Amino acid sequence: MSVKRDWKSEPHHTEWMENGIKIYLGDANVFLDPGVYIYEIKYKLDYVLSLDDRSDVDELYWNVNGNGWQLSFDSISATVHLPEGAKVQQYKCYSGRYGSQRENYTAIDDTTKITFISNEYLGYEEGFTVIVGWDKGFVDLPTTSEKIERHIWMYILIYGGLITLLIGFTYNFTMWFLYGRDPKPGTIIPRFYPPQGMSPAEVAYLDNQGRRTDTMVASAVLGIATKGWINISRLNSKTYQITPNETHKVDLYEGPEKNFHDRLTVKNPMVISKSKHNGRLAIACDQLESEIDAKQKDVYYLRNNKLKISQFIFPIITLSLGLLLRSMYGGMLFVPIVFTILHLLMNFIFSRLYEQPTPNGRKILDEIAGFKMYLKYADQDRITMMNRPTMDFAHYEENLAFAVALLK
């Protein structure tokens with residue numbers, strides 16, 4: 001309410017802390033001469049009394065100076081004035097660090113007020129806590145609306161975070177429902193051949209919702225080998241060698257597959273080791289992924305990036321609102337940070353849900369699902385095969401790369 005130094009008004013401001021309020025006295029640009037100064041700080045606050053109906057008294061439990069000071073106190077005292085008409089029924093006083101129950105004080109009970117004086121020197125982070133109880137009925141209990149208002153004020157950061165989280169979820173769900181739902185799958189039946197015109201790496205990429213898989217590169221290499229364009233030689237248990245082959249069984253698909261082959265064989269032989277990084281292979285793999293993505297994006301699947309970008313307004317609102325409420329009402333900083341992180345996690349989940357296959361992509365995915373069904377049970381009597389292909393070595397060889405790509 002006010003600050004005075006030697007009975008004259010003094011500039012001041014407050015700042016919220018994790019465990020309370022810090023009061024800054026004076027002007028940062030004004031340095032005081034050494035000496036003795038008297039400061040008077042007037043403040044008011046509410047909800048500091050224990051008004052338990054199960055107790056015979058109303059009680060004040062108050063830490064006079066707080067335990068945060070990095071300085072000592074030669075002496076300290078406190079006077080508690082009771083409500084008009086009330087009389088002291090019980091009292092106690094503790095001193096020391098937080099949680100201490102050391103009692104070393106003098107109390108002067110004047111019926112309507114009581115003064116506590118510490119009988120000892122208080123060191124760093126030592127506080128002086130007084131407890132006074134008086135007859136019930138002299139303090140008005142808070143009304144229901146006041147209790148509700150107080151509850152909201154105490155947990156305003158949590159309620160603010162929950163509200164923004166709910167708004168963000170409602171927006172995300174609505175956008176997904178309107179624009180992000182996948183087309184319904186068709187009837188899945190066993191298929192004996194992969195989708196026409198697609199290499200094993202392309203099939204693996206599309207089957208994984210337009211993302212790279214652990215099997216994509218291996219299936220790409222095997223696919224090129226089974227078409228007769230490269231030879232794979234095993235040098236030892238950890239090392240393989242790739243060399244070009246002039247006898248081609250089947251043409252490579254133009255685009256990602258053929259370009260991947262050209263990068264593998266631009267300098268031969270290529271040696272691949274399980275324990276050693278191969279920079280040329282790594283670059284070829286990255287470019288294979290980029291070319292497949294460029295070929296399939298907006299044709300077989302949609303990223304819906306516009307919806308993803310709009311998501312991020314809500315984590316910004318959550319953090320900004322949380323910091324604003326904290327500056328107004330106090331509270332712990334980690335609360336708005338936690339809600340912001342939760343919002344980002346929710347956005348990530350919905351960003352994946354926003355992605356959807358196109359109608360054409362859904363048709364190809366149905367074909368892939370049927371082909372996977374066949375690959376999984378081709379050597380077992382679990383499916384009825386109509387017009388089944390000739391189950392010879394050549395058939396298994398041409399499907400080997402796709403089996404590696406799709407069966408994990």
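In this report, a residue is called buried when its relative accessible area is under 20%, exposed when that area is over 50%, and partly exposed in between, with a 1.4 Å probe and protein chains only. The structure is a predicted model, in which local features need pLDDT of at least 70, side-chain atom pairs count only at pLDDT 80 or more, and totals for chains, interfaces and linings use all residues. Residues are numbered from 1 along each chain as its sequence is written, and side-chain values use heavy atoms, with hydrogens and water left out.

## Two residues with positive phi

By the definition above, Gln209 counts as exposed, at 51% relative accessibility. Gln209 is found in the loop between α3 and α4; here helices (H or I, at least four residues) and strands (E, at least two) are DSSP runs, numbered from the N terminus. Although Gln209 is not a glycine, it has a positive phi of about 60 degrees. Most residues other than glycine have a negative phi. Trp7 is likewise not a glycine and has a positive phi of about 65 degrees. Trp7 sits in the loop between β1 (2-5) and β2 (8-9) and is exposed, with a relative accessible area of 65%.

## An enclosed helix

Gln209 comes just after α3. Of the 8 residues of helix α3 (residues 200-207), 7 are buried, so this helix is largely enclosed by the rest of the structure. The buried residues are Pro200, Ala201, Glu202, Val203, Ala204, Tyr205 and Leu206. Their cover includes α4 (216-226), α5 (256-265), α6 (279-296), β16 (301-302), α10 (359-377) and α11 (393-406), where contact means heavy atoms within 4.5 Å.

## A nonpolar surface patch

Ile148, Ile152, Trp153, Met154, Tyr155, Ile158, Tyr159, Leu162, Ile163 and Ile167 make a nonpolar surface patch of about 900 Å². Two or more residues of this patch come from each of α1 (144-154) and α2 (156-180), and the largest share, 5 residues, comes from α2. Patches are made of residues with over 30% relative accessible area and no salt bridge; like charges are joined within 9 Å, and nonpolar side chains (Val, Leu, Ile, Met, Phe, Trp, Tyr) within 5 Å. The areas come from the Shrake-Rupley method with a 1.4 Å probe, and for residues only the protein chains shown count as cover. One member of the patch is Ile158, which lies in helix α2 and is partly exposed, with a relative accessible area of 36%.

## A pair of packed helices

Helix α8 (residues 313-329) packs against helix α9 (residues 334-354) at an angle of about 170 degrees, and their axes are 9 Å apart. That angle makes α8 roughly antiparallel to α9, a term for angles over 145 degrees. The axes are lines fitted to C-alpha atoms, for helices over the stretch in contact, and angles run from 0 to 180 degrees between N-to-C directions. On the side of α8, the contact is made by Phe314, Pro315, Thr318, Leu319, Gly322 and Leu323. On the side of α9, the residues are Pro336, Phe339, Thr340, His343, Leu344 and Asn347.

## Salt bridges

The whole structure holds 20 salt bridges, each being a side-chain nitrogen of Lys or Arg within 4 Å of a carboxyl oxygen of Asp or Glu. The table gives the N to O distances of some of them.

| Residue | Partner | N to O distance |
|---|---|---|
| Arg102 | Glu126 | 3.7 Å |
| Arg191 | Glu367 | 3.8 Å |
| Glu397 | Lys249 | 3.3 Å |

Arg102 lies in the loop between β9 (88-96) and β10 (105-109) and Glu126 in the loop between β11 (113-118) and β12 (127-135), so their bridge ties together parts that are 24 residues apart in sequence. Arg102 is partly exposed at 33% relative accessibility, whereas Glu126 is buried at 16%.

Arg191 bridges to Glu367. Because Arg191 lies in the loop between α2 and α3 and Glu367 in helix α10, this pair ties together parts that are 176 residues apart in sequence. Arg191 is partly exposed, with a relative accessible area of 30%, and Glu367 is buried, with 16%.

Glu397 and Lys249 also meet in a salt bridge. This pair links distant parts of the chain, 148 residues apart, with Glu397 in helix α11 and Lys249 in the loop between β14 (239-244) and α5. Glu397 is partly exposed at 23%, while Lys249 is exposed at 56%. In addition, Arg211, Asp293, Arg303, Lys308 and Glu355 are joined into one network by salt bridges that share partners.

Terms used:
Parallel < 35°, antiparallel > 145°, perpendicular 65-115°, else oblique.
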